[in-house]
Every structure is written in structure tokens, then in C-alpha cells.
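Student: I should like to learn how to read the main features of a structure such as this one. May we begin with the sheet and proceed from there?

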Amino acid sequence: MLLAEAAARRGLPVLERVPERGPKQGPDVRRDLHWYGGPLAADRVAAPAGIALLEPADTWLAALPYELTHRRIESTTLGEARALRRPAFVKPPSDKSLPAAVYADGSRLPPPDTSARITDDAAVLVSEVVEFAAEYRCFVRDGRVVTGGRYAVRGLLDPGPLASGARAFAERVVARCAGAGPRLPGAFVLDVGPLTGGRWAVVEANMAWYAHCYTADPERVLDVVLDATGPHHAVAPADRPFLRSLRPGQPPSAPPRL
């Protein structure tokens, strides 16, 4: 794994599997733990391990001005989205519990399943249906894109280099949010891309600690992940509004990594 190898090169120990109740905390265990893995496993493991997790607000994308998204986006609940009578792209903002997809209408959404966190009070984003010609992942740290890469072309996985236009647009979005808002944490992931008509738009913002590197520089990705997770006492005051509210999690589908 790229990040595990980058961590090992820095002399950081990597624990690829953790006990069901998380790593033990004692005098012989490091307390400056960081997390890289899924949100369900994070909710099960991070709290007992004392790990703080930064993520953009669930409503961030819907709060952006139209000029940065070029589509209407609403932050709502899954229960309310079931009343949709038109095609829409529906996705959870961060947990990845609900399949992100275009649904013909609200009746096509998955039924409630508490074991998978698919509940009617779960937060979702409902968006107009648009097509991105390409999608780029930008890893942002302290207001700058430090690395990134392309991960899709017309909705299909197709890793490639980070285009200069993607970097420039992402940094414009970050600068806009640092001024007029909506605000973002100090370390996160921003996905952007050109629509089929050529206009650049935001795809979404997400947690760095659950973002695939693709073609990004693993060393710089690791810097962002280390800033986005860690001990609670090390979280900057400006980042405290972006601390993930931990919830009881389910066993992960893949081994979590610290």
C-alpha cells in the first residue's frame, strides 16, 4: 500500500489490522496515532484510540455558489429524498453508506437498513444530473493543493496526471471558501473537473483519511492525512468545527490501517 510504504520510509509504525475494540492505550503504546481507512471502522476504532478526524461539513457542497458547481444541490435527509419525482444524483456526504448514483426517482432509493446506516434521517445530497468529462482529486493542506491526479474520465476509472487547470480551479475554490465561505478544514480532499460543456465545477470535498491516492504523490498525500487525523490535543482551534462526530460503527469491509 502506497501510504503504508511512505509511512515506513519515515520510520512511522503501521498497524494494518486493529483489534475489534481498537488499539490498546498504555505506557508502552504511542499516543500520537493517526488513521487511514473507512468511516465505519473509524467510528469503531478512532474514539477508543483517542484519534481526532477532520472532515468537511455535510452541507458544504450544497452551500457553494452556483458558479462553482453549475448544478442545483440540496442538503436533505434520505427520508425526504424518497419524495423525489424526478431523476437526481443522490449520495451521502461522507459515510459512503448509500450507493452514490443517479436514481430515476425517490422510490428507487435503497430501503432502510440500520446495519448499513441507511436510515431515513441519514444526511444526503441531492443534485441535478450532470456529466463530468474528467474528474481530478486534489489533496489540500493549509490552503494549497500539494498533490493530486485524475481518477476518472466520463465516469469511468482512468488514473492520470493532475491537469494544470484542475489545480488552478481547485485553488480558486479553496481561496473563495477561505474568504466568503463556506469554510473548510486545514487538510482535506477536493474533487473537481470540467463538465462536458467545458466549465470547471466542484465534484465534492471529502475527508483525506479515506481518499485513494491514484496518481498523487504518496509522500505529500501522507502529509495531508497526518494533518487530517491525530490526537485531539493537537487539533488547531480553527479546525475544531470540522471534527467528525463519532458514531457506533460496523466492522469494515477491508482491514483498517493506522
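Student: Which order do the strands of the open sheet of 4 strands have?

Tutor: Strands of a sheet pair through backbone hydrogen bonds, either parallel or antiparallel. Here an open sheet of 4 strands follows the order E2-E5-E3-E4, and its pairing is antiparallel. Strands E2 (73–77) and E4 (101–103) occupy the edges with a single partner strand each, so one side of each has no neighbour in the sheet. On average, neighbouring strands of this sheet are turned by 35 degrees against each other, direction ignored. For such angles, axes are lines fitted to C-alpha atoms, for helices over the stretch in contact, and angles run from 0 to 180 degrees between N-to-C directions. Two strands count as paired if DSSP finds at least two bridges between them. Helices (H or I, at least four residues) and strands (E, at least two) are DSSP runs, numbered from the N terminus.

Student: On what kind of model and numbering does this reading rest?

Tutor: The model is predicted, so local features need pLDDT of at least 70 and side-chain atom pairs count only at pLDDT 80 or more, whereas totals for chains, interfaces and linings use all residues. Residues are numbered from 1 along each chain as its sequence is written, and side-chain values use heavy atoms, with hydrogens and water left out.

Student: How many bridges join E3 to strand E5?

Tutor: E3 and E5 (residues 123–127) run antiparallel and are joined by 3 bridges. Strand E3 (residues 88–91) also pairs with E4 over 3 bridges, again in the antiparallel sense. Val90 faces a residue in both partners: Val126 stands opposite Val90 in E5, and Ala101 stands opposite Val90 in E4. Ala88 has Tyr103 of E4 opposite.

Student: What should I note about strands E6, E7 and E8?

Tutor: E6 (residues 134–141) and E7 run antiparallel, joined by 8 bridges, and Arg150 in E7 is the bridge partner of Tyr136. The hairpin of E6 and E7 has 2 residues between the strands, and Asp142 in this hairpin takes a positive phi near 55 degrees. E7 also pairs with E8 (residues 156–160), in the antiparallel sense over 3 bridges, with Val153 opposite Leu156 in E8. The hairpin of E7 and E8 likewise has 2 residues between the strands, and there Arg154 takes a positive phi near 50 degrees. Strand E7 (residues 144–153) is mostly covered, with 8 of its 10 residues buried. Buried means under 20% relative accessible area, exposed over 50%, and partly exposed in between (1.4 Å probe, protein chains only).

Student: Which residues have the most contacts inside the largest nonpolar core?

Tutor: In soluble globular proteins, nonpolar side chains tend to be buried together. A nonpolar core is a set of buried Ala, Val, Leu, Ile, Met, Phe, Trp, Tyr and Cys residues joined through side-chain atoms within 4.5 Å. The largest one here has 28 residues, and Leu3, Trp35, Ile51, Leu53, Phe139, Trp209 and Val221 have the most contacts inside it. Helices H1 (2–9), H2 (39–49) and H7 (218–228), with strands E1 (51–53) and E9 (187–194), are the elements that give two or more residues to this core. A second, separate core of 23 residues includes Leu68, Ile73, Val145 and Val173.

Student: How many disulfides does a search of the whole structure find?

Tutor: The search finds 0 disulfides, a disulfide being a pair of cysteine sulfur atoms within 2.5 Å. Cys138 is buried at a relative accessible area of 0%, and Cys213 is buried at 6%.

Student: How many salt bridges does a search of the whole structure find?

Tutor: Side chains of opposite charge can pair when their charged atoms come close. A salt bridge is a side-chain nitrogen of Lys or Arg within 4 Å of a carboxyl oxygen of Asp or Glu. The search finds 15 salt bridges. In one of them, Asp223 meets Arg10, with the closest N and O atoms 2.8 Å apart. Asp223 lies in helix H7 and Arg10 in the loop between H1 and H2, so the pair ties together parts 213 residues apart in sequence. Arg10 is partly exposed, at 36% relative accessible area.

Student: Where do Lys91 and Glu204 lie?

Tutor: Lys91 lies in strand E3 and Glu204 in strand E10 (residues 200–206), 113 residues apart. The closest N and O atoms of their salt bridge are 2.7 Å apart, and both residues are buried. Elsewhere, salt bridges that share partners join Arg9, Arg10, Arg141, Glu219, Asp223 and Asp227 into one network.
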